[in-house]
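This note is intended for a colleague who is meeting the structure for the first time. Please read the points below with the sequence and the model in view.

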Amino acid sequence: MASMHNSAVGRILAIRRKSIRSVAMLFCAVAACSSAAAAQPSPWRTLSNEDGIHLEARRVAGERFDELRVSTSLKVSPDAVADFLLGKYLDARNKNIRRRFIQRGPEVAVWADVLRTPVADRCYSMRFERQDLADGAVRVKFASLDEAGTGAAPDCVALRSRGEWLMTPSAGGTRLVYASLTDIGGNTPVFMAKGPLTSAAVSSVRKVVAGASGLALPRGLGD
């Protein structure tokens, strides 16, 4: 009898241990899924849709500023847009920017900027890299590098940014999508920087559309 009792107790304990392990594994799986879901960016929300330019934003976990996305269409090829981005777009003069190229070519460009602002200068080094994709699409990825702009003053605030220009062939030419996540650094409140950042994103797209199409820049976009 004692042997049968011990055997039954052993089976019950084994079942309980197995159940506990199953619950623990399920909990870990749910926690992992929850963490993965939390790490995903929020859905895109539309900020404006005017003159053929669609502006969107979304929250990204761990970032102070929203990621921005601007999309539009233009009547030139993806190659023409990419060539402009790595060419005349980078050469364009801006009275508020002091730029020095570190590497320059048709596929990769690296440069250092000092951007003058009313509050404090912003410093950054940036890299553009062209990637030819399937079906004639072209991507130009960009990201700020660890070092700040060369030749900056010691109190210059580091700016960081990453994103891409994606050019996809369309029936009328190119579908252009620009995505960027920029942190201007310093102690500037987010609400004060939202307007200038969204305006800068739309202005950048307008410049590329005009420049790649061989048109003059719209009024007010020269700087």
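1. Valine 177 is a convenient place to begin, and this residue is found in strand β10. The model is a predicted one, and in it valine 177 counts as partly exposed, because its relative accessibility is 22% and buried means under 20%. Which residues does valine 177 contact once its neighbours within four places in sequence are left aside? They are Arg69, Val70, Ser71, Glu164, Trp165 and Leu166. In addition, the C-alpha atom of valine 177 is separated by 6.6 Å from that of threonine 72, although the two residues are 105 residues apart along the chain.

2. Alanine 171 offers another pairing across the sequence. Its place is in the loop between β9 (160-170) and β10 (173-183). With a relative accessible area of 92%, alanine 171 is exposed. Between alanine 171 and lysine 75 there are 9.1 Å in space, C-alpha to C-alpha, while in sequence the two are 96 residues apart.

3. The overall layout may now be stated. The chain has 4 helices and 10 strands, and along the sequence these follow the pattern α-β-β-β-α-α-β-β-β-β-β-β-β-α. Of its 223 residues, 34% count as buried. Among the contacts in the chain with a separation of 6 or more, 48% are accounted for by residues 24 or more positions apart.

4. Helix α2, which spans residues 78-85, deserves separate attention. Its buried residues are Pro78, Val81, Ala82, Phe84 and Leu85. Why do these residues line one face of the helix? Seen down the axis of α2, the buried residues fall within an arc of 160°, so they line one face. As background, an α-helix has 3.6 residues a turn, so residues three or four places apart point the same way.

5. The relation of α2 to helix α4 (residues 190-212) follows from this. The axes of the two helices come within 9 Å and cross at roughly 115°. That angle makes α2 roughly perpendicular to α4, since angles of 65 to 115 degrees count as roughly perpendicular. The contact is made on the α2 side by Ala80, Val81, Phe84 and Leu85, and on the α4 side by Lys207, Val208, Gly211 and Ala212. Of the α2 residues in this contact, Val81, Phe84 and Leu85 also appear in the list of buried residues of that helix. The crossing of α2 and α4 is right-handed.

6. The covalent cross-link should be noted next. How many disulfides does the structure hold? It holds 1 disulfide, formed by cysteine 123 and cysteine 156, whose sulfur atoms are 1.6 Å apart. The pair links distant parts of the chain, 33 residues apart: cysteine 123 is in strand β6 (residues 122-132), whereas cysteine 156 is in the loop between β7 (138-144) and β8 (157-158). Cysteine 123 counts as buried at 1% relative accessibility, and cysteine 156 counts as buried at 14%.

7. Two aspartates merit a check of their backbone angles. Aspartate 51 is not a glycine, yet it has a positive phi of about 55°. This residue is found in the loop between β1 (45-50) and β2 (53-58). Aspartate 135, likewise not a glycine, has a positive phi of about 60°, and it lies in the loop between β6 and β7. Are these residues buried or exposed? Aspartate 51 counts as exposed at 68% relative accessibility, and aspartate 135 is exposed with a relative accessible area of 74%.

8. A further aspartate closes the list. Aspartate 91 is found in helix α3, which covers residues 88-91. At 45% relative accessibility, aspartate 91 counts as partly exposed. Leaving aside neighbours within four places in sequence, aspartate 91 is in contact with Phe101 and Arg104. For the pair formed by aspartate 91 and phenylalanine 101, the C-alpha to C-alpha distance is 9.9 Å, and the two are 10 residues apart in sequence.

How values were computed
Residues are numbered from 1 along each chain as its sequence is written. This is a predicted model: local features need pLDDT of at least 70, side-chain atom pairs count only at pLDDT 80 or more; totals for chains, interfaces and linings use all residues. Side-chain values use heavy atoms; hydrogens and water are left out. Buried means under 20% relative accessible area, exposed over 50%, partly exposed in between (1.4 Å probe, protein chains only). The arc is that of the directions from the helix axis to the C-beta atoms. A disulfide is a pair of cysteine sulfur atoms within 2.5 Å. Axes are lines fitted to C-alpha atoms, for helices over the stretch in contact, and angles run from 0 to 180 degrees between N-to-C directions. Angles under 35 degrees count as roughly parallel, over 145 as roughly antiparallel, 65 to 115 as roughly perpendicular and the rest as oblique. A crossing is left-handed if the near helix is turned anticlockwise from the far one by less than a right angle, and right-handed if clockwise. Contact means heavy atoms within 4.5 Å.
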